[in-house]
Amino acid sequence: LTGLRDLSLFNARLTNPGAHEISAAPFVKQLARLDLAGNRVRDSGALSVANALDADRLVVFDLSGNPL
């Protein structure tokens with residue numbers, strides 16, 4: 001997954017444990033776009049992912065439709 005720049009998990013029933021897995025994934029820092037809209041991610045999962053992303057590379061981080 002070394003070339004992964006865009007990941008969409010829109011409406012994938014993702015919850016906090018899944019968000020924490022994404023934040024620990026080796027590819028997370030190379031993402032320019034991450035779409036987690038329409039899931040079940042709460043504050044701690046969203047914060048975990050946000051802290052793992054590379055702000056200099058990131059263009060879109062969509063968390064709309066999550067119970068934040």
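Select Lys29 to begin: this residue is partly exposed, with a relative accessible area of 49%. Here buried means under 20% relative accessible area, exposed means over 50%, and partly exposed is in between (1.4 Å probe, protein chains only). You are looking at a predicted model, in which local features need pLDDT of at least 70, side-chain atom pairs count only at pLDDT 80 or more, and totals for chains, interfaces and linings use all residues. Residues are numbered from 1 along each chain as its sequence is written, and side-chain values use heavy atoms, with hydrogens and water left out.

**Stop 1: around Lys29**

Lys29 sits in the loop between α1 and β2. Helices (H or I, at least four residues) and strands (E, at least two) are DSSP runs, numbered from the N terminus. Now show what Lys29 touches: leaving aside residues up to four places away in sequence, you will find Asn51, Ala52, Asp54 and Arg57. Contact means heavy atoms within 4.5 Å. Zoom in on Ala52, whose backbone oxygen lies 2.9 Å from a polar atom of the Lys29 side chain. That is a polar contact, a pair of N or O atoms within 3.5 Å; within protein, one must be able to donate a hydrogen and the other to accept it, and residues adjacent in sequence count only if both atoms are side-chain atoms.

**Stop 2: two helices**

Next, select residues 16–24 for helix α1 and residues 43–52 for helix α2. At what angle do α1 and α2 pack? The angle is about 10 degrees, and the axes are 8 Å apart. Axes are lines fitted to C-alpha atoms, for helices over the stretch in contact, and angles run from 0 to 180 degrees between N-to-C directions. The two helices are therefore roughly parallel to each other, a label for angles under 35 degrees (over 145 is roughly antiparallel, 65 to 115 roughly perpendicular and the rest oblique). To see the contact, pick Asn16, Ala19, His20, Ile22 and Ser23 on α1, then Ser44, Gly45, Ser48, Val49 and Ala52 on α2.

**Stop 3: the sheet**

Switch to the strands: three of them form an open sheet in the order β1-β2-β3, with parallel pairing. Two strands pair if DSSP finds at least two bridges between them. Colour β1 (6–8) and β3 (60–62), which stand at the edges; each has a single partner strand, so one side of each is left without a neighbour in the sheet. From one strand to the next, the twist averages 5 degrees.

**Stop 4: Asp35**

Pick Asp35 in strand β2 (residues 33–35). Is Asp35 buried or exposed? Asp35 is buried, with a relative accessible area of 8%. Opposite Asp35, in β3, stands Asp62. A polar atom of the Asp35 side chain lies 2.9 Å from the backbone nitrogen of Ala37.

**Stop 5: Gly38 and two loop residues**

Move to Gly38, in the loop between β2 and α2. Gly38 is partly exposed, at 25% relative accessible area. Beyond residues up to four places away in sequence, Gly38 touches Asn11, Ser64, Gly65 and Asn66.

Follow that contact to Asn11, which lies in the loop between β1 and α1. Asn11 has a positive phi of about 55 degrees although it is not a glycine, and is exposed, with a relative accessible area of 52%. Finish at Arg13, in the loop between β1 and α1. Phi of Arg13 is positive, near 60 degrees, and Arg13 counts as exposed at 63% relative accessibility.
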